[in-house]
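Here is a short report for someone meeting this model for the first time. Keep the sequence and the 3D view open as you read.

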Amino acid sequence: MIIGLCSKSDSKESNTDDRFARAEYFVLYNTENSEYKFLKNTDSGEHGAGPKAVQFFSDNGCNVIIAPRLGENAVKAAKASGIELKLQNDGTVEENIKDFLKK
Amino acid sequence: MKLVVLSGKGGVGKTLVSVNLTNVLSEFGKIVHLDCDVEEPNSNIFLKRKIDFTENVDIQIPYADSSKCTKCGLCSENCQFGAISVFKTGTVVFESLCHGCGVCSYICPEKAIKEKSKTIGNISFGEKDNIIFGEGVLKIGEPSGVKVIRKLKNKYPDSDIIITDAPPGASCSVVETLKGADYALVITESTPFGLHDMKAVLEIALKMNIKTGVVINRYDENYKETENYLRAENIEIISKIPFIKEIAEIYSVGGLISSKKEYRKIFLEIAEKTGVLKCLNK
Amino acid sequence: MFKQIAVVSGKGGTGKTTVTAALTHLFKNNIPVDCDVDASNLFLLFNPKTEKQYDYYGGKKAYIDINKCSSCGLCAEICRFDAVNINSGEYSVDSYSCEGCGYCVIRCPEKAIELSESRSGEYYISYKEGRFIHGELEPGEETSGGLIAAIRKKAIESADKTDYIIIDGSPGIGCPATSSITGVSYVLIVSEPTLSGFHDLIRIMETTEQFRRKYSVVINKYDINTEITEKIEKYCSDKNIKITGKIPFDKTVMKAVQESNSIINYNSPASEAIKKLYKNITEEIK
């Protein structure tokens with residue numbers, strides 16, 4: 001499966017970003033090949049960033065997004081995309097994925 | 001005559017002036033008082049009119065009929081606000097982002113988008129003793145009060161004397177309130193904040209070609225910058241209200257300071273100098 | 001990792017900027033952010049030096065090319081924002097009312113209308129003993145929420161070795177106010193003990209709760225009406241909301257504002273009360 005996260009910089013050791021739609025980077029982790037993809041978030045601060053971010057993850061085949069507490073529009077978008085939301089912890093991208101996969 | 005009381009900075013005495021001006025004018029004839037500060041309307045705390053009726057202010061919000069939606073995405077492509085998007089399970093509208101413009105329902109090739117009413121606020125009215133009072137209230141969680149202001153104003157387009165309490169600031173809500181005004185009465189205070197924020201609203205009133213005058217509240221004769229600026233710009237100073245603790249105290253309990261003789265004359269002077277009194281006496 | 005604290009008020013004039021300025025002098029290692037883009041007074045108080053300036057394009061506006069326009073009037077008919085003006089038979093768009101939705105563009109039979117980016121404000125990175133971020137909206141514009149988001153993003157980008165981002169929020173309860181508080185660690189609501197102040201406090205509290213922010217209330221000029229102060233205290237305690245400060249009415253505050261100085265730099269009752277407020281907030285955000 002594909003897990004989506006947001007991070008402060010483009011490495012698995014970097015901390016997760018505490019903003020979702022306006023995070024520095026979006027992360028895609030593929031559990032099949034344990035590969036990470038980091039994409040710079042080009043959001044320009046406009047309205048509707050939450051749903052747009054969810055759309056990005058949905059378009060990239062995410063089944064789960066590990067994220068900070070999301071606003072109501074992003075939650076609505078995730079539900080409509082059939083994407084599960086998990087609350088992230090304060091650690092790195094790698095730690096969050098490890099924690100999630102343990103359960 | 002439509003006179004709008006506004007201020008760049010909040011808390012400088014906009015409502016103080018508007019409600020007391022209305023109170024004093026009501027001795028001479030029928031006055032309409034409109035509170036357009038729809039995010040935080042306060043006029044009725046002072047005017048205490050009983051509300052006779054309330055009307056909802058609705059906007060049209062689209063929703064997608066999933067039985068007709070083919071997920072073509074045309075609605076999403078044409079929405080300027082990111083308010084409608086197509087997801088796996090269907091097309092979703094994000095109401096807080098929606099401006100109610102009508103583009104998506106028009107453009108949908110399957111006519112799958114319908115519209116429903118959403119209440120964003122209400123307008124209320126009451127009348128007693130020469131004061132016809134109208135107030136708009138924006139529902140909590142709604143981003144913009146412009147439509148509430150528009151609906152409130154449309155209720156009394158042709159009445160004789162309308163005193164309007166505008167929202168503070170210099171944004172689109174203020175512009176909406178000012179449309180059609182004959183006079184913009186700008187309230188400021190004797191501080192650099194008051195001066196700076198006054199300039200923004202003066203700019204709007206000027207662009208809209210509305211006659212403008214200024215009241216300096218909490219007037220401090222040691223702070224000369226505001227007067228110097230207004231003199232240089234040729235804008236009339238209508239009144240200087242002194243910084244008196246009693247005024248703040250009466251205001252704090254919802255009292256009308258113009259009920260006291262020594263303060264009544266301040267508002268009589270404003271009524272005369274702005275030309276409202278003359279209009280009323282016609 | 002920095003913490004973001006937003007100071008809001010609901011009603012204008014309660015002392016939000018005065019309190020914010022004082023807090024920026026008390027918190028170590030912070031970036032002050034003036035999000036009151038309609039009336040950027042924190043900026044006035046600090047008078048920082050502008051380092052970088054950015055244009056803000058908040059939305060689009062429609063423009064009618066009169067050479068292509070056939071004066072059919074359809075745009076005026078269908079516009080839901082009353083944004084099309086007719087002057088001596090010539091059609092034009094009122095840019096104050098236009099919300100940039102593009103409906104007229106799509107419907108115009110002559111394809112005479114276009115949407116263009118509209119510059120609705122500016123924002124800046126400035127400097128005064130540290131970074132200071134602020135912005136200004138063009139008078140009459142409506143896109144303050146987006147400008148505030150851009151300002152806050154700049155503040156976060158500038159937050160290198162910063163412990164706090166302290167936001168002077170917009171008054172009211174609409175989009176500018178909520179854009180000031182979304183995603184912050186803590187909100188401080190500044191209130192005043194007047195009937196209108198209490199009325200507005202209730203609305204901004206409800207708004208803050210809708211955004212699920214942790215918050216407390218400070219009562220400014222509390223001694224001008226002790227009865228209403230008590231009412232506010234009871235209202236807050238019934239809702240389990242802390243009053244983290246009570247600042248007395250103090251003429252020194254006006255003096256500080258006129259001298260473009262922070263109240264903290266004066267020996268006065270208001271100063272003392274704000275120092276207590278600061279201590280209480282640091283306890284709250286641990």
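What follows covers chain C, the nonpolar cores, two helices and one contact between chains.

This is a predicted model.

**Chain C**

Chain C has 286 residues, and 55% of them count as buried. It holds ten helices and eleven strands. Along its principal axes, the C-alpha trace of chain C spans about 70 × 40 × 35 Å. Many contacts link distant parts of the sequence. Of the contacts in chain C with a separation of 6 or more, 75% join residues 24 or more positions apart.

**The nonpolar cores**

In soluble globular proteins, nonpolar side chains tend to be buried together. The largest nonpolar core here has 70 residues. Among the residues with the most contacts inside this core are B:Val4, B:Leu185, B:Val186 and B:Val201. Which helix of chain B gives the most to this core? Helix α7 (residues 192-207) does, with seven residues.

B:Val201 has contacts beyond its neighbours within four places in sequence. These partners are B:Leu6, B:Ser7, B:Gly8, B:Ala170, B:Val174 and B:Val186.

A second, separate core has 65 residues. It includes C:Ile148, C:Ile166, C:Ile181 and C:Val257.

**Two helices named α7**

Chains B and C each have a helix α7, set out here.

| Helix | Residues | Expected span | Distance between end C-alpha atoms |
|---|---|---|---|
| α7(B) | 16 residues | 22 Å | 23 Å |
| α7(C) | 16 residues | 22 Å | 23 Å |

The expected span of α7(B) comes from 1.5 Å a residue, and the distance between its ends agrees. For α7(C), residues 195-210, the distance agrees with the expected span too.

The buried residues of α7(B) include B:Phe193, B:Leu195, B:Met198, B:Val201, B:Leu202 and B:Ile204. B:Asp197 is buried as well. In α7(C), the buried residues include C:Phe198, C:Leu201, C:Ile204 and C:Met205. C:Asp200 and C:Arg203 are also on that buried list.

What comes after each helix? Just after α7(B), B:Asn209 takes a positive phi of about 60°. α7(C) is followed by C:Arg212, whose phi is positive, near 50°.

**Where chain A touches chain B**

The contact takes twelve residues from chain A and twelve residues from chain B. On the side of chain A, α1 (49-59) and α2 (72-81) each supply at least two residues. α2(A) gives the most to that side, with five residues. The residues on the side of chain A divide into three nonpolar, seven polar and two charged.

Terms used. Residues numbered from 1 in each chain as written. Chains lettered and ligands numbered in written order. Predicted model: local features only at pLDDT ≥ 70, side-chain atom pairs only at ≥ 80, totals over all residues. Contact = placed C-beta atoms within 7 Å. Helix = DSSP H or I, 4+ residues; strand = E, 2+ residues; numbered from the N terminus. Nonpolar A, V, L, I, M, F, W, Y, C, P; charged D, E, K, R; others polar. Buried ≥ 20, exposed ≤ 12 C-beta atoms within 10 Å, placed from the backbone. Core = buried A, V, L, I, M, F, W, Y, C linked by C-beta atoms within 7 Å. Expected span 1.5 Å × (residues − 1).
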